[in-house]
Amino acid sequence: MSTASYPTTWRRPPQIVTDRRWRIALQVGILVYLVLAIGSVEVNWARVADGLERGQRFVAGFLQPDFTSRWNEISRGLVESLTMTLTSTVVGILVSIPIGIGAARNMAPRAVYLFCRGIIAVSRALQEIIIAIFLVAMFGFGPFAGFLTLSFATIGFLAKLLADDIEEIDEAQAEAIRSTGASWWQALNYAVQPQVMPRLIGLSLYRLDINFRESAVIGIVGAGGIGATLNTAMDRYEYDSAGAILLIIIGIVMVAEYSSSHLRKYLQ
Amino acid sequence: MTEITHHSQVWTYRTPKKRLLIWAGWLALVALFVWCWQVMTKDTIWIFVQDAPRQAADIGSRMMPPRWSYLPELMVPLWDTLNIATLGTIGGVILAVPVAFMAARNTSPSVTFLRPIALFIIVASRSINSLIWALLLVAIIGPGILAGIIAIALRSIGFVGKLLYEAIEETDRAQIEAIEATGASRAQVLSYGIVPQVMPAFWGISVFRWDINIRESAILGLVGAGGLGLKLQASLNVLAWPQVTMILLLILATVVLSEWVSARVRHAII
């Protein structure tokens, strides 16, 4: 009976709402929403027309970026962003490894598991920008607040993925190590660590990449880095400098993405 | 039985040279970290850092309790935020579909010429955060939710485009060949062979991006692009902490709700 495994009749592709009347009601609802939503967009056409000229200047600035006249500020912002990215990624990873182990159901008792998952949930729910606003209020302006923000955001990302990885390890290998009478630390070192290490390195490199992108943004709320420089350039209507900064950001992100994916392939 | 006469006959996981290299790598990383740390904290005022726990306690005490009476005032910005996210997602998806078809190796009209352009559009859109897009657009077309919508749309192109073109490249060749065998034209192959296969992925990606966009549009107002962020900025400027708490609670509730909706929808599709 090999034919039984193939469907012989055509079936409608799965639908979210199966009832025809409900589907029509839903479609009408979406249409009404769209009309209302588009209606609530107030466009000041005079302002847009004014802005088009600025837009042209921005595009011109993008095509002829000015790296030289504000180079001191750009390089300072860049150094801040890059150092902030590296330190926060390293510290974030160091902090998230114990949290990630604690948040894996097969390695931690229930109380520790819930506590660590709680930390992860808080870190993931709050956006980087919002954390940055608070940390700038607490620690003052500058890259230190940005460093803390990115470290905190790294915890939610890395600890969650690490915990999920540890939960998915091959139990047979862990069982084999445990059956030799290994302690918890020995099981961690010989059963879990070799299985998750390549993934951990890959994720760390990926997070380095994300942290650089974020470091370009949190400067807008005062947490240092290239974002602050970009914000100033925009405030001064220096579109040629702003274009230069954006090109640098795109360039670094591309280099980081390319090299990190290359490195990940090599390591795994 | 031969005696082990030389240490190299004992099995080791790595050769000594490799171990040395790994140690050198770690040492270099630590050195780089220390150096970066020193450069970064050069201008840090440590008195502020020491003072931070007291500041945190102070802000915390000011933030409690949230000002519930401020909630009705937040309804219009909330509506704006939802509109920015939804209309921005729609715009982004509309722009991303042709880019994705150009970027996918099997549907691109010209692999040598158009594909690199499409890939560049995707990378450029992804590497610039929506807050930066909004910063540029507010400067160009003025503050308001239109700038927010366009910022979200431009940012979504990269995300939707990348995931969609990967889905197109992973389509089943057999189904496409079956349609080609009937003598279908290029457009017919596209609409009967490829589009039905990527449709579930397309809706899944769009809803997922909508969910992300809700989070992002909530803060776009910080640079003047309308929505809840505008109220957040205003409350922060006058140090009205109970109002800040209220706004953050509302953002959190919206984000949780949108995550639930998107999870439900994706579950229904895939």
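## A helical span in chain A

Residues 239-258 of chain A are 100% helix and 0% strand, and the C-alpha atoms at the two ends lie 28 Å apart. Helices (H or I, at least four residues) and strands (E, at least two) are DSSP runs, numbered from the N terminus. A second span, residues 21-41 of chain A, is 90% helix and 0% strand, with end C-alpha atoms 31 Å apart.

Both spans belong to the "transmembrane region" annotation of an unreviewed UniProt entry, which covers residues 21-41, 82-104, 111-138 and 239-258 of chain A. UniProt positions are given in the numbering used here, feature names are shortened, and annotations may be inferred rather than shown by experiment.

## Basis and confidence

This is a predicted model, in which local features need pLDDT of at least 70 and side-chain atom pairs count only at pLDDT 80 or more, while totals for chains, interfaces and linings use all residues; side-chain values use heavy atoms, with hydrogens and water left out. Residues are numbered from 1 along each chain as its sequence is written, and chains are lettered from A and ligands numbered from 1 in the order in which they are written.

The predictor's confidence in each residue is pLDDT, from 0 to 100. Its mean is 82 in chain A, where 93% of residues reach 70 or more, and 83 in chain B, where 96% do. Among the elements of chain A, the lowest mean pLDDT (77) is in helix 2 (residues 45-63) and the highest (89) in helix 6 (residues 143-167). For the complex, the predictor gives an ipTM of 0.75 and a pTM of 0.79.

## Overall form of chain B

Chain B has 10 helices and zero strands. Its radius of gyration, taken over C-alpha atoms (the globule rule is 2.2 Å times the number of residues to the power 0.38), is 27 Å, well over the 18 Å that the rule gives for 270 residues, so chain B is more spread out than a compact globule. The C-alpha atoms of chain B fill a box of roughly 75 × 70 × 35 Å along the principal axes.

An unreviewed UniProt entry lists residues 78-262 of chain B as "domain: ABC transmembrane type-1". These residues are 82% helix and 0% strand, and their end C-alpha atoms are 18 Å apart.

## Burial in chain B

Of the 270 residues of chain B, 46% count as buried. Buried means under 20% relative accessible area, exposed over 50%, and partly exposed in between (1.4 Å probe, protein chains only). Ile22(B), in helix 1 (residues 16-40) of chain B, counts as partly exposed because its relative accessibility is 31%.
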